[in-house]
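Biologist: Could you take me through one part of this model up close, the loop with the odd peptide bond, and then work outwards from there to the rest? I'd like one connected account rather than a list.

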Amino acid sequence: MPQEDEQFDSLPPAIVDALRDLDGPAVMPDPRRDADVLSGARQHLAETAGLSRKRRNLRLFFAGGAGGAIAAAAMIALIVFIASPVNGPQSEQDFAANTPDSPQSAAARPGDLNDDGTIDILDAYVLAKQIERDPSSLAMDLNRDGEANQRDIDWVAQQAVALNTGERG
Amino acid sequence: MPTPPANPPDDPRSDLELIDAVNKGDARAFEALYHRHRDYALRIAMRFTGERNLALDAVQDSFVYFYKKFPGFTLTAKLTTFLYPVVKHNALSLKQKARRAQGDASEEALDAQADPAPGNNPAEADTPEDLHTLLSELPDAQREVLVMRFVDGLSVQEIATALGVPPGTVKTRTHHAIRKLRESGQAKKYFDQ
């Protein structure tokens with residue numbers, strides 16, 4: 001409705017003056033309040049200047065590719081952390097007991113199929129693969145019930161999540 | 001009447017350039033923005049409080065709020081459209097507090113201050129009283145857009161941004177307000193001139 005828009009797009013000067021009058025008289029500024037606001041602003045900007053510089057530097061740091069390097073390092077650290085033996089050897093005795101050449105090794109840790117010194121979910125995975133490949137092999141009958149099957153995998157998984165209270169084994 | 005304190009000469013930089021400088025910690029740039037927009041803010045504050053000290057308080061609070069936005073402030077519209085809702089909110093809030101503090105007994109007195117009677121203002125001596133009454137009787141939302149558009153000189157889009165409503169709403173309110181004025185006996189003659 002362009003015609004109507006035009007019709008409603010202006011006001012007679014007398015009405016505009018009356019609207020302006022509704023605002024009341026112009027307010028005289030107060031120099032003391034001006035000074036308060038401006039000194040507050042100066043103080044705030046001085047206090048945050050260091051923060052602002054730090055933020056800028058951080059932005060430049062990330063923009064410069066350091067972010068990628070940090071992310072890669074964090075990812076590597078996470079992988080190492082996950083793959084490291086949670087219940088690994090804590091003492092020389094433990095270390096000896098878990099050395100592959102040690103006679104105690106297989107007997108003390110029957111579920112440690114990848115021979116990394118600990119029983120974890122990776123062993124359950126290895127066992128599942130081996131049983132899948134050769135279900136008739138009794139070498140994988142870890143719970144000694146006469147069969148190599150899902151129950152053996154469950155047994156390893158149970159060993160993996162059991163609390164290390166010294167009762168396991 | 002005392003003369004107003006002289007403002008420092010206006011900075012040639014635009015609002016955007018000044019804001020960029022304040023974001024980098026330049027207090028002088030903030031000072032320039034303050035002096036450029038203080039009087040506009042005072043006018044808005046006075047519009048909603050109707051009382052000088054409350055208006056000055058509202059403006060002070062608004063600029064404190066504004067400088068605390070730095071560093072990191074981004075201007076997406078005009079600075080006046082950013083300031084309008086801030087000043088309006090502070091002004092209404094202070095007015096409400098003052099009313100509560102003074103109690104209901106003096107509410108009428110505050111109302112009288114907030115909506116100055118046309119006859120009490122010497123500047124209105126030449127303006128017909130019935131016109132003021134008519135404008136005062138418009139719904140607040142309709143009068144507000146009229147004032148913003150024809151007194152403050154804001155565009156429909158700027159009013160919409162300042163009020164946080166769609167531009168269509170601003171147009172509708174303007175249309176309704178002007179239609180009421182055109183259809184009223186008191187204002188019709190001004191449209192016909």
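Modeller: Sure. Let's start at Pro71(B), which sits in the loop between helix H3 (52-67) and helix H4 (79-102) of chain B. Keep in mind that this is a predicted model. The bond to look at is the one from Phe70(B) to Pro71(B): the peptide is cis, and its omega is near -10 degrees. As background, most peptide bonds are trans.

Now step from the loop into H4 of chain B, residues 79-102, and look at Val87(B). Leaving aside residues up to four places away in sequence, Val87(B) touches Ala41(B), Ile44(B), Ala45(B), Ala58(B), Val59(B) and Ser62(B). Val87(B) also belongs to the largest nonpolar core, which has 58 residues. Together with Phe30(B), Ala45(B), Ala55(B) and Val59(B), Val87(B) touches the most other members of that core. Helix H2 of chain B, residues 27-49, gives the core its largest share, 12 residues. Another core lies apart from this one; it has 7 residues, including Ala124(A), Leu127(A), Met140(A) and Ile153(A). In general, nonpolar side chains in soluble globular proteins tend to be buried together.

Zoom out to chain B as a whole. You'll find 10 helices and 0 strands, so to speak an α-α-α-α-α-α-α-α-α-α pattern when read along the sequence. Of its 193 residues, 39% count as buried. Take the contacts in chain B with a separation of 6 or more: 62% of them are between residues 24 or more positions apart.

Further along chain B, helix H9 (residues 167-183) is a good place to pause. Helix H8 (residues 156-163) packs against H9(B) at an angle of about 110 degrees, and the two axes are 8 Å apart. The pair H8(B) and H9(B) is therefore roughly perpendicular. On the H8(B) side the contact uses Val156(B), Gln157(B), Ile159(B) and Ala160(B), and these meet Pro167(B), Val170(B) and Lys171(B) in H9(B). By type, that contact divides into 5 nonpolar residues, 1 polar and 1 charged.

H9(B) has a second partner in helix H7 of chain B, residues 140-151: their axes come within 8 Å and cross at roughly 100 degrees. That makes H7(B) roughly perpendicular to H9(B). Here Ala141(B), Gln142(B), Arg143(B), Val145(B), Leu146(B) and Arg149(B) in H7(B) meet Val170(B), Arg173(B), Thr174(B), His176(B) and Ala177(B) in H9(B). This contact divides into 5 nonpolar, 3 polar and 3 charged residues. Val170(B) turns up in the contact with H8(B) and again in the one with H7(B).

Next, the other chain. Chain A comes to 7 helices and 0 strands, running α-α-α-α-α-α-α from the N terminus on. Of its 169 residues, 17% count as buried. Residues 24 or more positions apart make up 40% of the chain A contacts with a separation of 6 or more.

Where the chains meet, 32 residues come from chain A and 47 from chain B. On the chain A side, the elements that give two or more residues are helix H2 (13-22) and helix H3 (31-83). H3(A) supplies the largest share of that side, 13 residues. The chain A side divides into 19 nonpolar, 5 polar and 8 charged residues.

H2(A) deserves a closer look too. Its buried residues include Ile15(A), Ala18(A), Leu19(A), Asp21(A) and Leu22(A). They cover an arc of only 155 degrees around the axis, which puts them on the same side of H2(A). The general rule behind that kind of spacing is that an α-helix has 3.6 residues a turn, so residues three or four places apart point the same way. After H2(A) comes Gly24(A), with a positive phi near 80 degrees.

One more backbone detail in chain A: Arg144(A) is not a glycine, yet its phi is positive, about 55 degrees. Most residues other than glycine have a negative phi. Arg144(A) lies in the loop between helix H6 (121-133) and helix H7 (150-161) of chain A. Is Arg144(A) buried or exposed? With 10 C-beta neighbours inside 10 Å, Arg144(A) counts as exposed.

Notes: Residues are numbered from 1 along each chain as its sequence is written. Chains are lettered from A and ligands numbered from 1 in the order in which they are written. This is a predicted model: local features need pLDDT of at least 70, side-chain atom pairs count only at pLDDT 80 or more; totals for chains, interfaces and linings use all residues. Helices (H or I, at least four residues) and strands (E, at least two) are DSSP runs, numbered from the N terminus. A residue is buried if 20 or more other C-beta atoms lie within 10 Å of its own, exposed if 12 or fewer, and partly exposed in between; C-beta atoms are placed from the backbone. Two residues are in contact if their C-beta atoms, placed from the backbone, lie within 7 Å. Axes are lines fitted to C-alpha atoms, for helices over the stretch in contact, and angles run from 0 to 180 degrees between N-to-C directions. Angles under 35 degrees count as roughly parallel, over 145 as roughly antiparallel, 65 to 115 as roughly perpendicular and the rest as oblique. Ala, Val, Leu, Ile, Met, Phe, Trp, Tyr, Cys and Pro count as nonpolar, Asp, Glu, Lys and Arg as charged, and the others, Gly among them, as polar. The arc is that of the directions from the helix axis to the C-beta atoms. A nonpolar core is a set of buried Ala, Val, Leu, Ile, Met, Phe, Trp, Tyr and Cys residues joined through C-beta atoms within 7 Å.
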